[in-house]
Amino acid sequence: MSHVLHRSLTHTYPTAVAGDGPYLIDRDGRRYLDASGGAAVSCLGHSDQEVIEAVRQQIGTLAYAHTSFFTTEVMEELADFLIARAPAGLESVYFVSGGSEAVETALKLARQYFVEIGQPGRKHVIARRQSYHGNTLGALAAGGNAWRRQQFQPLLIDVSHVSPCYAYREQQAGESDEHFTTRLAQELETEILRLGADQVMAFVAEPVVGATLGAVPAVPGYFRKIREVCDRHGVLLILDEVMCGMGRTGSLFAAEQEGITADLITIAKGLGAGYQPIGATLLSGRIRDAIAQGSGFFQHGHTYIGHATACAAALAVQKAVEQRGLLDRVNQLGDSLQAKLVERLGQHPHVGNIRGRGLFRGIELVADRESKTPFAPELKLHARFKKRAMELGLLCYPMGGTLDGQRGDHILLAPPFILDDSHLDEIVEKLSDTLDAVVASR
């Protein structure tokens, strides 16, 4: 018996022993095309020699120095790199070990900012239903994933949740994009006023919703209206780009495609591409200055923040993405993948919607295409889909509870940026075969 507390205690996992570009290889020599990048992490695949060498060099020079004593050259260089390319107004970076820590950091920065400027009454957070922001208690409270929250609910802070910008399910028949986005912005404003405009500190949202909804982009204009509502009431806007950022949707920061900036942006996953655990929170100059001119100390920290080896890996990854022109490649591959998915599955009786941006794509499965009726939750279609896809040598990210935390199934795709057309064909072929097999056996 394994002494590892695995995610599932009733499942036997194959042992991964090697990586080869977009493939993972198990102990028996089976190859799996990683069409989800693990969890939207492995944007450069699993064997990038430039990144591996950068990690080796950093470990050989300085593996780690605690940030209460030192800064490091590589941490400073990575921060400079990110801020030079970040949306306007973001001027500082706080490095952590992953996405949940990044969201926790953003929430604490928001709270301390208001304490520093003399508005300690601001304590409420508003987020969206069917969002996911991480598994630490603050991040889990902000998230709107009912299944993940349920058993831990007594431990969570009270967070309000408004409607997601989920056009396939939430936009009414005949409703224009303008009316839909206005309605959602008004819903947020109503909730701010209900809680007390002088008591709300932040609104948290994913620019493209990842795990819980399956690559759902906002309707054009939505985030501009949300930004206006936040500004009108002095509420900070936190954009969670842990999954959709760092090039995944075709621009380095997903906010770029919305034409807005944020007060805080969280990143992780594709930042280090899995070569080292790393995440970060980017904050505006006004938040940094409020702390610097007030207490002068951010009351937060973890042992491994700013880890030198992790920063070296992330810097090598981000330089590779830029120098190899991979953002353009993401857009080209993303358009091609969307076209292939639509051609093969667009009229499938059990595919309701194919969506996303760049190499971040979602497929929503339905029992009935016309009525959008989901499959019965007890079928656990998403779990069966994952198992069958792995048997065919394909790794994807299926999830259940798409509609409300219980009903609905979707498949999330987030493959490496280094694919070629043959890999896209392999993904679509194996997805199609998996879907047919799973539906036939239900």
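**A walk from helix α5 to strand β6**

Let's start at A141, a residue that sits in helix α5, which covers residues 137–142. Keep in mind as you look around that this is a predicted model.

How accessible is A141? Its relative accessibility is 0%, and because buried means under 20% relative accessible area, A141 counts as buried. Setting aside residues up to four places away in sequence, A141 touches R149, L156, I157, V159 and H161. For a sense of distance, try finding R407 as well: A141 and R407 are 266 residues apart in sequence, while their C-alpha atoms are 21 Å apart in space.

Helix α5 also holds L137. This residue has a relative accessible area of 44%, so L137 is partly exposed. On the surface, L137 joins F152 and L155 in a nonpolar patch. Together, these three residues have about 280 Å² of accessible area.

Now move along to strand β6, made of residues 160–162, where you will find S160. Is S160 buried or exposed? With a relative accessibility of 12%, S160 counts as buried. Which residue does the side chain of S160 meet in a polar contact? The partner is E191, whose side chain takes part at 2.7 Å.

E191 also appears in the wider set of contacts around S160. Leaving out neighbours within four places in sequence, S160 is in contact with V125, I126 and A127, and also with E191, R194 and L195.

To retrace the route: A141 in helix α5 is buried, L137 in that helix is partly exposed, and S160 in strand β6 is buried.

Conventions:
Residues are numbered from 1 along each chain as its sequence is written. This is a predicted model: local features need pLDDT of at least 70, side-chain atom pairs count only at pLDDT 80 or more; totals for chains, interfaces and linings use all residues. Side-chain values use heavy atoms; hydrogens and water are left out. Helices (H or I, at least four residues) and strands (E, at least two) are DSSP runs, numbered from the N terminus. Buried means under 20% relative accessible area, exposed over 50%, partly exposed in between (1.4 Å probe, protein chains only). Contact means heavy atoms within 4.5 Å. Patches are made of residues with over 30% relative accessible area and no salt bridge: like charges are joined within 9 Å, nonpolar side chains (Val, Leu, Ile, Met, Phe, Trp, Tyr) within 5 Å. Accessible areas come from the Shrake-Rupley method with a 1.4 Å probe; for residues, only the protein chains shown count as cover. A salt bridge is a side-chain nitrogen of Lys or Arg within 4 Å of a carboxyl oxygen of Asp or Glu. A polar contact is a pair of N or O atoms within 3.5 Å; within protein, one must be able to donate a hydrogen and the other to accept it, and residues adjacent in sequence count only if both atoms are side-chain atoms.
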